[in-house]
Amino acid sequence: MKVGREAEGDGDDGVRGGAGDDVRGGGGHGAGDGGGDGGEDPGQERRRDPLLPWLREAVPVAIMVVAYFLLPLHLLGAERPELSWTLFVLALGAVTVLLLREIRAVLRDEPHARPGVTIPLLMIASLLVFSAAYSSIARQTGEFDGLRTRVDALYFTVATVATVGYGDITARGQTARILVMGQITYSFVFLTAAATALSRRLRRALGERQGGGLLHGGAARRGGGQHGGGGRPQGGDQPEGGARQG
């Protein structure tokens, strides 16, 4: 009787031990699943909000354009030439310094730099600065033909940068022509350098992504080859075992 009870006790202990191991193993899997879900949340959030980076870039552009149309540019021009030229030089100088800073960051491969966002914003800011100067000078008689509104000034600025030259708006006065030559020179020197730096950073980022994809693909192929190689000896052993049994 004691022997039977001891056997039953051993069996109960085995059942309890197996159940405990199952519970602990299930808890381990649950924790692992929870950790996996927690690790995938940032990626899911990024997939859910693909327009967020574009909105962050569009808001500063909208603010600059609205400021361009709301600034009291009628107070500048021929009435206050000293103040007008001082503000123009300060605004364009600030944009140029920031633009050169971003170009240097790209050339030095600084990790914290964001040229894909900052350089386009600064280029748009430089166009708005020249447009404001054109709009102020156009109030003087004999400076511009066909330039009457701020939209005309912005249109003429973009056409000058693009070297289109439709001929519907022309610079007649000496001050207007000096300013147009200054914009052409500025575009050739600074905007071209900024566009070159931006394209360089984009090509580098694209090359890094392609290189990372090739590395992951090679690792996957090597892993697949190892699994396949490991399966061949097992398949080869089965016929030998069957032959021996027969």
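Six helices and two strands make up the secondary structure of the protein in this predicted model. Along the sequence, these elements are arranged in the order α-α-α-α-β-α-β-α. The chain comprises 246 residues, of which 23% are classed as buried. Its accessible surface amounts to about 16900 Å², and carbon and sulfur atoms contribute 61% of this area. Among contacts with a separation of 6 or more, 71% join residues that lie 24 or more positions apart.

Confidence varies along the model. The mean pLDDT of the protein is 75, with 63% of the residues scoring at least 70. Of the elements, helix α5 (residues 150-161) has the highest mean pLDDT, 95, whereas helix α1 (residues 2-48) has the lowest, 47. Two segments were examined further with respect to low confidence. Over residues 1-9, pLDDT remains under 50, and the model contains zero contacts beyond four places in sequence for this segment. For residues 14-20, pLDDT likewise stays under 50, again with zero contacts beyond four places in sequence. Where pLDDT is low, the predicted coordinates should not be read in detail.

A search of the whole structure yields one salt bridge. This salt bridge is formed by R172 and D145, whose closest N and O atoms are 2.6 Å apart. The two residues are separated by 27 residues in the chain, and their pairing links distant parts of it: D145 belongs to strand β1 (residues 144-145), while R172 is placed in the loop between β2 (170-171) and α6 (174-245). With a relative accessibility of 47%, R172 is partly exposed, because this value falls below the threshold of over 50% that defines an exposed residue. D145 is also partly exposed, since its relative accessible area of 34% lies between the 20% and 50% limits.

The environment of S135 was also characterised. This residue is located in helix α4, which spans residues 115-137. S135 has a relative accessibility of 5% and therefore counts as buried, the criterion being a value under 20%. When residues up to four places away in sequence are disregarded, the contacts of S135 are with L73, L147, R150 and A153. The burial of S135, at 5% relative accessibility, thus accompanies contacts with these four residues, whereas the salt-bridge partners R172 and D145 are both partly exposed.

Notes
Residues are numbered from 1 along each chain as its sequence is written. This is a predicted model: local features need pLDDT of at least 70, side-chain atom pairs count only at pLDDT 80 or more; totals for chains, interfaces and linings use all residues. Side-chain values use heavy atoms; hydrogens and water are left out. Helices (H or I, at least four residues) and strands (E, at least two) are DSSP runs, numbered from the N terminus. Buried means under 20% relative accessible area, exposed over 50%, partly exposed in between (1.4 Å probe, protein chains only). Contact means heavy atoms within 4.5 Å. Accessible areas come from the Shrake-Rupley method with a 1.4 Å probe; for residues, only the protein chains shown count as cover. A salt bridge is a side-chain nitrogen of Lys or Arg within 4 Å of a carboxyl oxygen of Asp or Glu. pLDDT is the predictor's confidence in each residue, from 0 to 100.
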